[in-house]
Amino acid sequence: MSLADLEWRVIGEETRPGPMTMALEAAAAETVAEGGPATVRVYTWPDTLSLGYGQDPDTIDWAFCDREDIGVTRRPTGGGAIYHDSVADISYGIIAPADAVPGDLMACYEQFCEPVLDAFERMGVDATFADDERSAVHQPACYLRQLHPAHDIVGPDGRKLSGNAQYRQKDAVIQHGSLSVSLRPDRHCGCFSADPNSERFGERVGAIDEYADIDRAEAVETLRSTLAEWVDATEGSWTDDELARAREHAEEKYAAAEWIRRSP
């Protein structure tokens, strides 16, 4: 079996609370494991900090997040925390059966990042995988961590444009990633207790609007259509059953303090 053999649906841009955003990927993984369609999706977070799976909660400035009305959840993927801005960030997800993708993690990253790189090209951005492992600026922040050639995408000046992460269940593989449309470094850096330097952030992180004359709506549609064309997906939506299961996952896990604030 290959990706081309699958039935695919594309779910266009939507905005849901952070816990529900992650819970829907869990529901989509259950769907594909049961023989249902594979999914590509584009979504926008409300202003949300997503913690990496092993994130130490002491690295987060909880008072800042509360004061700035920034929601917090924890991803099932590794890496540092990411501030997802409601206007400066676009995210995507790919959910496929495990037996349709390479067993090698790096090969799977390369395959799943193909449409992301194609989308950047269509936007007029010269983006590539990072070609070296640049040292970390601030370890708790994903976009300031050491760059990794396997899953970090950079612009023509080497600044990080997109971070991508993957996790595998027995029957499904889920990859999600974040693309920077523009930058709001003060809000991003303010989410961390150590308050990393926002000027250093701008030296390390780039954004689509710095490289190409394209507005956010066009960037969103470019990413959505590129993902859809990549697997010949048809327009789709969440089923009532998926929404119900996602709400359960969100309540029991992704919105639960025991999950969000747990120590590594």
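**Strands, a crossover and a charged patch**

Strand 3 (residues 48-51) and strand 4 (residues 71-74) run parallel and are joined by 4 bridges. This is a predicted model. One pairing is easy to find: Ser50 has Thr73 in strand 4 as its bridge partner. Helix 2 (residues 62-67) belongs to the picture too. Together with strand 3 and strand 4, helix 2 makes a β-α-β unit, and that unit is right-handed.

Next, the open sheet. Strands of a sheet pair through backbone hydrogen bonds, and the pairing can be parallel or antiparallel. Here 8 strands line up in the order 7-8-9-10-6-2-1-11, with mixed pairing. Strand 7 (128-129) and strand 11 (234-235) stand at the edges. Each has a single partner strand, so one side of each is left without a neighbour in the sheet.

Step inward from strand 7 in that order and you reach strand 8, followed by strand 9. Strand 8 (residues 152-154) and strand 9 (residues 160-168) run antiparallel, joined by 3 bridges. Look for Val154: it stands opposite Lys160 in strand 9.

Now turn to the surface. Which residues form the negative patch? They are Glu110, Glu114, Asp118, Glu121 and Asp126. Helix 4 (residues 114-123) gives the most to this patch, with 3 residues. Glu121 is found in helix 4. For a patch of this kind, each residue needs over 30% relative accessible area and no salt bridge, and like charges are joined within 9 Å.

Definitions and conventions. Residues are numbered from 1 along each chain as its sequence is written. This is a predicted model: local features need pLDDT of at least 70, side-chain atom pairs count only at pLDDT 80 or more; totals for chains, interfaces and linings use all residues. Side-chain values use heavy atoms; hydrogens and water are left out. Two strands pair if DSSP finds at least two bridges between them. Helices (H or I, at least four residues) and strands (E, at least two) are DSSP runs, numbered from the N terminus. A crossover is right-handed if, with the strands pointing away from the viewer, the path from the first strand over the helix to the second runs clockwise. Patches are made of residues with over 30% relative accessible area and no salt bridge: like charges are joined within 9 Å, nonpolar side chains (Val, Leu, Ile, Met, Phe, Trp, Tyr) within 5 Å. Accessible areas come from the Shrake-Rupley method with a 1.4 Å probe; for residues, only the protein chains shown count as cover. A salt bridge is a side-chain nitrogen of Lys or Arg within 4 Å of a carboxyl oxygen of Asp or Glu. Lys and Arg count as positive and Asp and Glu as negative; His and the chain ends are not counted. The place of a charge is taken as NZ of Lys, CZ of Arg, CG of Asp or CD of Glu.
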